[in-house]
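Hi everyone, thanks for making the time today. Let me put the sequence and the structure up on the screen, and then we can walk through them together.

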Amino acid sequence: MANNFKPNIIGFLCNWCSYAAADLAGSSKLEVPATLTTIRVMCSSRVDPVHIISAYLQGADGVLIAGCHPGDCHYQTGNYYTRRRFALLHKIMETFKLDPERFRLSWISASEGKRFSEVTKEFAEHIEKLGPNPLKNKPFIE
Amino acid sequence: MKSFKIPKSPDDTVKDILLFLLKNEKVGSIFALSKVHNNNHAYTLITDKELLSNITPTYPLMLANAGKMISRLTMIEAVKSPVAVVLRPCELRALFELVKLEQAKLDNLLFVSFTCGGVFPIKTKKDGLENKLKEYWENVKTGEDFQELRESCRICENFVPDNADIILQLAGNDTNTGTSVLIKTEKGAGFLEGIRDQFDEGSLESTTLDTIRGKRKERKQKTFADLKTEDFGIEGLINIFGRCINCHACSKACPACYCKLCYFESADSESDPSTFEIELKKRKAIRLPADTVFYHLGRLTHVGFTCVGCGMCSDVCPTNIPVSTIFSKVSERIQKAFEYTPGKDLEEKVPMSIFEMKEFEDVED
Ligand code: SF4
Ligand code: SF4
Ligand code: SF4
Ligand code: FES
């Protein structure tokens with residue numbers, strides 16, 4: 001099981017930076033894990049912690065939120081709020097011993113195709129090591 | 001701080017003050033808990049002096065968080081003529097949060113509150129409560145823990161209403177021979193001008209209050225530790241919310257939950273047949289009603305900054321889930337991390353409306 005575990009990773013990518021970086025990674029023929037399912041959002045701050053919790057409870061093995069570097073948000077300050085929301089989520093997860101390690105917040109600019117490839121590969125490896133989200137196939141949940 | 005003593009019970013003392021305010025047309029109406037229809041209690045708005053005899057402002061029962069009620073009253077516009085509002089410390093803190101969240105307006109409100117001895121759970125039988133009142137007041141005086149009270153009150157450290165204009169000294173005070181009243185603010189002094197020729201000096205600080213605070217804090221730490229959320233994982237969460245019927249009463253009663261359309265009641269969160277099918281494919285069996293743990297985790301992300309530990313949520317839960325203990329514990333941690341104290345200072349911005357350029361570097365890369 002552990003060997004052929006193919007994680008299911010959700011990536012919320014901000015349209016202006018990280019999504020463009022994903023494009024760039026593609027056109028530069030850089031490797032991006034096939035286990036990443038991307039969801040494009042107009043700004044990383046569009047991601048409500050509720051979306052992350054929902055993905056986690058529905059069995060996502062990892063959730064990546066990626067946006068513009070602080071200071072570079074297309075809407076000036078969106079990503080500063082993203083970071084606050086993410087820190088809030090972390091506190092809640094920690095208090096309930098709920099695997100904050102399955103979540104990652106990364107800043108990846110439009111020109112950082114290489115960084116996009118590295119971050120996603122690294123995260124996928126990390127999740128593979130963690131193993132499947134124990135909630136995935138559990139009966140009587142949700 | 002100016003103070004004076006009225007040789008009457010706490011309720012009668014409040015009545016005297018309110019009567020003075022009404023008679024002298026300093027306020028147009030009163031917001032307070034009253035006895036209505038055969039020994040039932042409810043928050044009321046009163047303009048008639050005669051009906052003041054009905055109020056029972058220190059009766060230890062909280063049927064709704066008054067902060068939420070005042071928000072309903074002032075959401076669209078501030079009240080036009082002054083209202084004297086009698087409420088408990090956690091209700092006032094909730095109201096301050098709602099003002100910051102633009103759900104209420106403070107103009108023309110005068111706040112009368114008291115060092116609070118706590119309230120009984122709403123589910124306490126009427127007669128039962130009446131029979132326990134004597135013991136209740138004895139415990140208010142000594143500050144002894146009283147098992148029959150709301151859990152949230154037994155662990156409440158913030159029972160001094162720092163932001164009230166006029167404060168009655170109840171907790172830690174003997175009110176058998178009279179009730180001391182402190183005038184905390186300039187505004188309070190303005191409204192009470194003429195109620196006495198002379199005032200004494202009083203203070204909100206006392207070793208008795210410190211002792212009560214210390215005891216409640218100790219109890220809180222123990223209660224929070226006993227919850228053992230650190231060992232929960234998903235199993236623990238499912239376990240503690242296992243009897244949740246998803247009625248959302250906890251959110252309806254919560255002053256911090258102010259959304260007109262709650263996400264968890266919106267079409268967005270409706271599970272349609274295809275959702276169930278997908279879930280069933282994965283899990284082979286699902287629990288219904290669905291999304292209970294999701295609801296609680298989600299609600300925590302919404303109220304974590306604002307939760308004032310009032311205990312309404314636990315009190316209205318039909319299945320006796322210790323909602324407020326869990327929410328207070330998690331919220332305390334969140335509030336610490338964001339260095340925020342809800343309901344304390346109107347100038348202190350709510351955490352989701354501000355940020356620092358550099359912060360929480362451990363959660364980003
Ligand atoms: S939570 Fe504190 S302030 Fe609120 S009713 Fe209980 S003791 Fe009073
Ligand atoms: S979550 Fe519970 S304790 Fe906290 S403010 Fe809401 S009703 Fe009060
Ligand atoms: S009041 Fe109790 S049963 Fe109802 S939603 Fe809240 S926790 Fe669940
Ligand atoms: S637009 Fe990219 S993070 Fe806001």
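Before we start, one bit of vocabulary: Ala, Val, Leu, Ile, Met, Phe, Trp, Tyr, Cys and Pro count as nonpolar, Asp, Glu, Lys and Arg as charged, and the others, Gly among them, as polar. Please also keep in mind that what you see is a predicted model.

With that wording, let's look at ligand 3. How do the residues of the shell around ligand 3 divide by class? There are ten nonpolar and four polar residues, and no charged ones. The surroundings of this ligand comprise 14 residues, and those that come nearest are C244(B), C247(B), H248(B), C250(B) and C317(B). As for secondary structure, helix 9, residues 249–253, and helix 11, both of chain B, each bring at least two residues to that shell.

Hold on to helix 11, as we will meet it again at the interface. Chain B puts 47 residues into the contact, and chain A puts in 38. The area buried between the two chains is about 4100 Å², with 64% of that coming from carbon and sulfur atoms. On the chain B side, the residues that lose the most area to chain A are R283(B), V363(B) and D365(B), and together they make up 18% of what that side buries.

Now the polar part. Five salt bridges are found across the interface of chain B and chain A. If you want one to zoom in on, try R83(A) with E364(B), whose side chains meet in a salt bridge at 3.0 Å, N to O. Polar contacts across this interface come to 21 residue pairs.

Which helices of chain B each supply at least two residues of the side that touches chain A? They are helix 8 (233–240), helix 10 (273–283), helix 11 (292–303) and helix 13 (323–337). Helix 11 gives the most, with seven residues. By class, this side of chain B has 26 nonpolar, six polar and 15 charged residues.

Last stop, the sheet. In chain B, eight strands form an open sheet with mixed pairing, in the order 3-2-4-5-6-7-1-8. Strand 3 (40–46) and strand 8 (200–201) stand at the edges with a single partner strand each, so one side of each has no neighbour in the sheet. Further in, strand 5 (residues 109–114) and strand 6 (residues 166–168) of chain B run parallel and are joined by three bridges. There you can find S113(B) standing opposite I167(B) of strand 6.

That's my tour, thanks for listening!

Conventions:
Residues numbered from 1 in each chain as written. Chains lettered and ligands numbered in written order. Predicted model: local features only at pLDDT ≥ 70, side-chain atom pairs only at ≥ 80, totals over all residues. Heavy atoms only, no water. Pairing = 2+ DSSP bridges. Helix = DSSP H or I, 4+ residues; strand = E, 2+ residues; numbered from the N terminus. Contact = heavy atoms within 4.5 Å. Buried area = accessible area lost by both parts, 1.4 Å probe. Salt bridge = Lys/Arg side-chain N within 4 Å of Asp/Glu carboxyl O. Polar contact = N/O pair within 3.5 Å; in protein donor to acceptor, adjacent residues only side chain to side chain. Near = heavy atom within 4 Å.
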